Amino acid sequence: MVTNITSFGRSGLSDWLMQRASAVIMALYTVFIVAFLLFNPNLDYYAWSGLFNQTWMRIFSLLAFIALAAHAWVGLWTVTTDYLKSTRLRVGAQSVIILGIFVYLVWGIQILWGA
Amino acid sequence: MSNLQVSIYRYNPETDSAPYMQEFQVDTKGRDVMVLDVLHMMKEQDSALAFRRSCREGVCGSDGMNMNGKNGLACITPLSDVVKNNKLTLRPLPGLPVIRDMVVDMGLFYKQYERIQPYLKNDTPAPAIERLQSPEERDKLDGLYECILCACCSTACPSFWWNPEKFVGPAGLLQSYRFLADSRDTATSERLSDLEDPFSVFRCRGIMNCVAVCPKGLNPTRAIGKIREMLLAEAT
Amino acid sequence: MSNLRSLTFDAIIIGGGGSGLRAALELAKSGKKTAVLSKVFPTRSHTVSAQGGITCAIASDDPNDDWRWHMYDTVKGGDYIADQDAAEYMCSEGPKAVFELEHMGLPFSRLDNGRIYQRPFGGQSKNFGEGGQAARTCAAADRTGHALLHTLYQNNLKNDTVFLNEWYAVDLVKNASGDVVGCIAMCIETGEVVHVKSKATVLATGGAGRIYASTTNALINTGDGIGMAMRAGFPMQDMEMWQFHPTGIYGAGTLVTEGCRGEGGYLINKDGERFMERYAPNAKDLAGRDVVARSMVMEILEGRGCGDKGDHVFLKLDHLGEEVLGKRLPGIVELSKTFAHVDPAKDPIPVVPTCHYMMGGIPTNIHGQAITMDESGNDHIVNGLFACGEAACVSVHGANRLGGNSLLDLVVFGRAAGMFIEGALNEGIEYLDASESDVESAMQRITRWNESEGGESIPELKAELQEIMQSSFGVFREEKNMLDGVDKLAQLRERIANAYLPDKSNAFNTARVEALELDNLMEVAEATAIAALKRNESRGAHSRYDYPDRDDVNWLKHSLYFPLTKELKKRDVNFKPKTVDTFEPKVRTY
């Protein structure tokens with residue numbers, strides 16, 4: 001057993017499962033948005049903001065953001081452990097990535113529920 | 001018929017500061033011999049050329065090497081399978097330290113094999129005769145136990161190149177599943193708990209180079225998939 | 001001289017094949033300080049190439065099977081110079097050893113009732129030859145040797161055996177009293193030469209099929225243990241007895257298992273005739289290997305061979321169907337496609353008798369202790385020296401080994417040697433240490449090569465040796481030709497003594513290993529040649545045109561070749577099994 005403390009779920013199995021579950025959520029979200037755009041060819045601001053004013057859409061969107069954040073963490077963590085062999089560089093990169101994901105996530109929540 | 005042009009990786013740690021490629025002209029008399037035969041002809045020209053070989057029939061796994069860019073066993077690879085434009089480039093298995101010429105240090109590869117505890121574990125007292133196993137249960141071991149530890153698969157695997165200390169690699173995982181799939185083995189949970197970290201199994205990205213190069217036609221990617229399924233079943 | 005680093009073990013096992021690993025496992029479990037020293041990574045040893053199976057009366061295919069029937073077959077197959085106490089030990093202990101292998105995880109093929117699958121092999125009978133063909137060979141498809149070797153290696157890992165992999169044993173070290181107290185060995189990777197000190201030295205170095213130009217044997221089968229023992233002055237037994245396997249792939253020499261014929265395949269000549277029906281009306285294609293090989297050569301010599309040159313015959317398997325081939329003989333399908341460019345499901349495989357197995361070797365008792373003989377014909381144990389597997393001559397195979405008996409020999413006598421050494425170590429062993437000059441004399445050979453400054457090339461001399469053996473000591477032998485061969489070998493010995501090793505580097509110098517191997521091939525070849533020349537009869541695998549009959553009056557004996565004097569003596573065969581009646585020599589027919 002190889003130990004690690006910076007992976008998303010501390011377990012390969014949970015990371016692997018998370019990667020797949022988050023991918024499914026993101027895929028559903030993408031399909032929904034694309035379908036919405038197709039069915040509303042003359043989309044304007046009111047229709048768009050009307051969609052995002054509904055609670056279920058906010059929850060769905062938040063779920064998709066969280067899925068994206070988790071997916072990115074697992075994926076980029078893997079990339080750093082594959083290619084960055086210097087510990088200092090790798091931990092640095094991982095910190096930047098985690099910070100970035102955190103910022104984007106909070107920003108996304110703010111957009112959804114703010115104002 | 002012109003001579004076969006062979007370009008081969010040379011490195012002798014005592015005399016060479018860096019490895020280099022050396023050109024050989026080999027007269028195969030137009031026959032479609034095996035790559036190992038060509039190596040022997042080259043060794044007649046230069047006895048210092050080092051490579052491993054033993055059974056010369058594809059069952060001992062000594063002469064895994066990279067032939068025109070693809071890993072395989074020299075003894076069962078006919079020239080017609082690999083030679084293009086009368087040229088053959090031979091390199092040691094990629095990703096492992098070179099000891100000399102075509103001879104690589106297989107230490108990391110063996111270490112990963114040992115790590116999966118490649119032996120039957122059964123905590124019940126042994127009967128006076130053999131343990132019974134139905135033909136159907138035994139069939140599950142086909143495609144697994146035949147591995148010859150030639151390292152062609154693991155050294156063709158990018159995930160193994162990047163993390164040879166942490167990722168078990170296709171060969172080790174194939175053997176891991178060989179014991180997980182054995183109806184006589186009782187250590188399933190213990191074996192699985194040793195594999196659930198993010199590296200040992202999950203570093204497999206399904207690239208399937210292992211399947212493409214296995215000289216015995218085995219499928220480590222499928223075995224890795226089965227291990228994942230077992231891990232999932234165990235943990236959920 | 002004493003600047004050699006030394007390593008000390010209770011027991012050192014030279015050779016990482018089936019018998020070496022089985023002995024090592026026994027000792028590792030006992031906690032003795034043991035190491036396996038092998039010139040290749042253990043799973044690259046030649047045991048891996050064994051295909052058909054391990055013959056043993058485990059009473060799976062036939063619940064009434066009896067180890068005594070197996071013993072009868074073995075003694076008869078060996079043309080009555082197998083030691084009956086040893087055959088009795090092997091056949092009766094066999095089931096235990098096979099069940100142990102299964103418990104270790106060996107993936108045997110199975111019968112519907114869950115027991116181990118057994119297939120018919122040559123020379124097998126029920127009820128002491130009276131009950132028809134038996135099916136006694138336990139198989140893991142046609143990869144039994146591979147499965148067995150990997151299982152043993154795995155269990156050695158489990159028991160923390162120490163391995164010196166890719167180390168080459170150069171020569172035995174004897175002390176002033178003539179006891180074997182270790183060896184000189186070289187780490188191939190670094191070229192470092194060390195003095196290995198040990199209370200028990202086990203030669204499990206396998207066969208030497210590479211003395212012939214055409215052989216099923218791996219390139220590493222160079223008789224290293226035999227060479228070491230002979231240079232140390234110890235005699236070799238029955239070295240004239242070389243088995244030619246009936247079905248080596250024509251041209252390539254790779255083995256096609258007897259299991260093909262066990263599963264229902266048969267040999268045909270150019271007229272499509274199943275010719276074995278003429279030579280062995282009862283057992284047909286499943287007669288003893290010596291009988292089948294000779295019959296094939298007769299067919300070829302009488303103009304009924306196949307191919308443009310009429311120099312081989314065909315093994316027909318297509319009638320078995322793809323399913324049987326795929327399930328029972330998958331490795332053979334692979335090998336035929338690779339080496340004969342033939343799909344056995346459609347076309348017959350071209351085959352020819354090919355050197356396969358050395359029945360002779362270092363004479364031992366059933367505990368693996370090496371034996372020598374004094375002037376008055378009495379046996380003496382060689383202190384500190386053991387042998388098992390193909391390198392040893394216990395002798396269970398006599399003049400001709402039955403298919404599937406080699407794997408049984410490996411595990412039964414590897415295990416026996418391990419158990420005996422453990423007991424002996426517990427009782428305490430004290431031998432004199434080797435002196436500096438003792439070590440120096442064991443260093444002579446490697447020093448000679450390292451200091452060679454010119455001379456003939458090693459591969460060319462090797463090829464010449466193989467040609468001599470092939471043309472003078474093949475399936476059929478006769479005096480004139482053999483005298484010529486012995487003569488040429490004597491000259492070759494001189495030339496090898498002055499041959500040249502151009503590459504003196506240290507790191508993974510395979511040229512040096514091949515030089516050292518050539519010396520061993522020379523020892524084996526000469527012992528074979530002289531023993532073959534002097535045994536004036538035909539028995540088992542040793543067939544002479546000039547002495548076509550078996551001569552029980554003069555030659556119901558082992559031959560014992562003494563390397564220092566090049567004398568051939570006779571040694572009594574054991575006819576006293578402990579629990580069964582003696583099998584008296586009979587005319588051998590199948």
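**Exercise 1. Find how far apart the centres of the two domains of chain C lie, and describe how these domains meet**.

Step 1. Taken over C-alpha atoms, the centres of domain 1 and domain 2 of chain C are separated by 29 Å, where domain 1 covers 247-351 and domain 2 covers 459-565, with bounds that come from an automatic or database domain assignment. The model is a predicted one, in which local features need pLDDT of at least 70 and side-chain atom pairs count only at pLDDT 80 or more, while totals for chains, interfaces and linings use all residues. Residues are numbered from 1 along each chain as its sequence is written, chains are lettered from A and ligands numbered from 1 in the order in which they are written, and side-chain values use heavy atoms, with hydrogens and water left out.

Step 2. Five residues of domain 1 of chain C are in contact with six residues of domain 2 of chain C, contact meaning heavy atoms within 4.5 Å.

Step 3. Between them, these two domains of chain C bury about 430 Å², with 74% of it on carbon and sulfur atoms; buried area is the accessible area (1.4 Å probe) that two parts lose on being put together, summed over both. Of the area that domain 1 of chain C buries against domain 2 of chain C, C:Asp290, C:Arg294 and C:Val297 supply 74%, more than any other three residues.

Step 4. The rule finds zero salt bridges across this interface of chain C, a salt bridge being a side-chain nitrogen of Lys or Arg within 4 Å of a carboxyl oxygen of Asp or Glu.

**Exercise 2. Describe the contact between domain 1 and domain 2 of chain B**.

Step 1. The assignment for chain B gives domain 1 (4-104) and domain 2 (107-235), and their C-alpha centres lie 29 Å apart. Each side of the contact is then counted, with 14 residues from domain 1 of chain B and 14 residues from domain 2 of chain B.

Step 2. The area buried between these domains of chain B is about 1,000 Å², of which carbon and sulfur atoms give 67%. B:Asn71, B:Pro94 and B:Leu96 supply 38% of the area that domain 1 of chain B buries against domain 2 of chain B, more than any other three residues.

Step 3. The count of salt bridges between the two domains of chain B is zero.

**Exercise 3. Describe the interface of chain A and chain B, and identify the side chains that meet in a salt bridge**.

Step 1. Chain A gives 15 residues to the contact and chain B gives 18 residues, and the area buried between the two chains is about 1,600 Å², of which carbon and sulfur atoms give 66%. On the side of chain A, A:Met1, A:Val2 and A:Leu13 lose the most area to chain B, together 41% of what that side buries.

Step 2. Across this interface of chain A and chain B the rule finds one salt bridge, in which the side chains of B:Arg203 and A:Asp82 meet (2.9 Å, N to O).

Step 3. Helix 1 (12-39) and helix 3 (55-83) of chain A are the elements that give two or more residues to the side of chain A that touches chain B, helices being DSSP runs (H or I, at least four residues) numbered from the N terminus. Helix 3 of chain A gives the most to that side, with five residues.
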